[in-house]
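Reader: I am new to this structure and would like a close look at one part of it. Could you take me through the charged surface, and then set that part against the chain as a whole?

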Amino acid sequence: MAQAKAPGDIEAQIARSRQRLAVTLDEIAVRVHPSTILGDVKDRVSDSVDRTVGQACVRVNGLVDRARSQVVAPDGSPRMERIVPAAVVTVAVVGAVVVSRRKRR
């Protein structure tokens, strides 16, 4: 048969339980406080934006490197065989636009 506890022991156990409950309730109050929730949301959004911006920077750098490799040789010299045709096409397009606008007037 279980041994009966003294009233003082029971009161001490109740006091410890109340203390643990008070600590738990304080922790819950901090977690559900609007400023805590807002701070958590801000942190998550900030992390998401940082990650997205970082990924975008990596992609843009890759695109810039690929574009640069089309007009600049690995030794750093310009690739004239690609630059000259692009320049000729650009001049032709600009010329066509200018001629077309003059005809409209």
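Author: On the surface of this predicted model, Arg-101, Arg-102, Arg-104 and Arg-105 gather in a patch of positive charge. One of these residues, Arg-101, is placed in helix H3, which covers residues 80-104. Arg-101 counts as exposed because its relative accessibility is 56%, and the cut-off for that word is over 50%.

A patch of negative charge is also found on the surface, where Asp-40, Asp-43, Asp-47 and Asp-50 gather. Among them, Asp-40 belongs to helix H2, which covers residues 34-71. With a relative accessible area of 42%, Asp-40 is described as partly exposed, since values over 50% would be needed for exposed and values under 20% for buried.

Turning to charge across the protein chain, there are 18 positive and 11 negative charges, and the mean positions of these two sets lie 18 Å apart.

As for the fold that carries these patches, the protein chain has three helices and zero strands, and its pattern along the sequence reads α-α-α. The radius of gyration is 36 Å, well over the 13 Å that the globule rule gives for 105 residues, and therefore the protein chain is more spread out than a compact globule. Along the principal axes, its C-alpha atoms fill a box of roughly 105 × 45 × 25 Å. Of the 105 residues in the protein chain, buried residues make up 1%, while the area that the chain exposes comes to about 9400 Å², with carbon and sulfur atoms supplying 62% of it.

How values were computed. Residues numbered from 1 in each chain as written. Predicted model: local features only at pLDDT ≥ 70, side-chain atom pairs only at ≥ 80, totals over all residues. Heavy atoms only, no water. Patch = residues over 30% accessible without salt bridge, like charges linked within 9 Å, V, L, I, M, F, W, Y side chains within 5 Å. Areas by Shrake-Rupley, 256 points an atom, 1.4 Å probe, with all protein chains shown as cover. Salt bridge = Lys/Arg side-chain N within 4 Å of Asp/Glu carboxyl O. Lys, Arg positive; Asp, Glu negative; His and termini not counted. Charge placed at Lys NZ, Arg CZ, Asp CG, Glu CD. Helix = DSSP H or I, 4+ residues; strand = E, 2+ residues; numbered from the N terminus. Buried < 20%, exposed > 50% of the residue type's maximum accessible area, 1.4 Å probe, protein only. Rg over C-alpha atoms; globule rule 2.2 N^0.38 Å.
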